[in-house]
Amino acid sequence: MPKRRAALLVVDVQNDFCPGGALAVTDGDRVVPVLNRYLALFHRKGSPIFASRDWHPTDSAHFKPHGGPWPPHCVKESEGAAFHPRLTLPPETIVISKGATRWDDGYSALQGTTENGTPLPLLLKQMAVDRLYVGGLATDYCVKASVMEAIKLGFSITLLTDAVAAVNVAPGDEERAFQEMIAAGAQPATFDEVSQTLDSSAQKVEQ
Ligand code: VGL
Ligand code: ZN
């Protein structure tokens, strides 16, 4: 049997979703230091790391001026679409772009592709990844959409509850998003729990 493994998926930690950005999540940048700890942990374990980014064309139908619900944000190649400057992505990080065509909202990272067009689900299968540890922005949109789609596709999910932040268009959206993901099978965890789990599974392999 091929070796099954865990990977980290950092969702949309981009300037436009952080304070001062075009679609800022309240305190969105508070996820950065804790995600940096997860990034260091997965890097040290040699586990795959994926970072998704919203990567929209200027005329995206997902933008208000073109009939969508959102102010323009994360326009591909723009400063707003860049990863947060303090997010320390290791060099082996695989960047996944999504929402890159006019008609594609791209909420779920599982709809995204690598630079050369490989869809993320195909890549995960090729890499024998069976569990995704998911954190980032925003809990009630792209994190939720990514988690729900990954579960549908058969992946196990650990939701990094100390490394997500919500848009909260309506009060309580974050809480409802948590409930929906957990009801679908996502397992909530925080940094200490994840680091213990990864350390003990590494020991099991060695025995
Ligand atoms: C997102 C709204 C619009 C997200 C992306 O990354 O959660 N939210 N586009
Ligand atoms: Zn978007």
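Rings of Phe, Tyr and Trp, the last by its six-membered ring, form a pair if their centres lie within 6.5 Å. Planes under 30 degrees apart count as stacked, over 60 as edge-to-face, and the rest as tilted. The model used below is predicted.

**Exercise 1.** State how many aromatic pairs the structure holds, and classify the pair of Tyr 38 and Phe 191.

*Solution.*
1. The structure holds four aromatic pairs.
2. The ring centres of Tyr 38 and Phe 191 are 5.1 Å apart. The cut-off is 6.5 Å.
3. Their planes meet at 70 degrees, so this pair is edge-to-face.
4. Now place the rings. Tyr 38 belongs to helix H1 (residues 31-45). Phe 191 belongs to helix H5 (residues 191-206). The pair therefore ties together parts 153 residues apart in sequence.

**Exercise 2.** Find the polar contacts that Asp 12, Asp 54 and Ala 138 make with ligand 1. Then state how much of the ligand's accessible area the protein covers.

*Solution.*
1. Apply the cut-off: a pair of N or O atoms within 3.5 Å.
2. Asp 12 places a polar side-chain atom 2.7 Å from an oxygen atom of ligand 1.
3. Asp 54 has a side-chain N or O atom 3.1 Å from a nitrogen atom of the ligand.
4. Ala 138 uses its backbone: a polar atom there is 3.1 Å from a ligand oxygen atom.
5. On its own, ligand 1 has 260 Å² of accessible area, and the protein covers 100% of that.

**Exercise 3.** Describe the site and shell of ligand 1.

*Solution.*
1. Ligand 1 takes up the space of the largest cavity.
2. Its surroundings include Phe 17, His 62, Trp 70, His 73 and Tyr 107.
3. By class, the shell has eight nonpolar, two polar and two charged residues.

Conventions:
Residues are numbered from 1 along each chain as its sequence is written. Chains are lettered from A and ligands numbered from 1 in the order in which they are written. This is a predicted model: local features need pLDDT of at least 70, side-chain atom pairs count only at pLDDT 80 or more; totals for chains, interfaces and linings use all residues. Side-chain values use heavy atoms; hydrogens and water are left out. A residue is near a molecule or strand if one of its heavy atoms lies within 4 Å of it. A polar contact is a pair of N or O atoms within 3.5 Å; within protein, one must be able to donate a hydrogen and the other to accept it, and residues adjacent in sequence count only if both atoms are side-chain atoms. Accessible areas come from the Shrake-Rupley method with a 1.4 Å probe; for residues, only the protein chains shown count as cover. On a 1 Å grid over the protein atoms alone, a cavity is a set of points where a 1.4 Å probe fits but cannot get out, and a pocket is an open set with protein on both sides within 12 Å along at least five of seven lines; lining residues have an atom within 4 Å of a point. A molecule sits in a cavity or pocket if more than half of its atoms lie within 2 Å of its grid points. Ala, Val, Leu, Ile, Met, Phe, Trp, Tyr, Cys and Pro count as nonpolar, Asp, Glu, Lys and Arg as charged, and the others, Gly among them, as polar. Helices (H or I, at least four residues) and strands (E, at least two) are DSSP runs, numbered from the N terminus.
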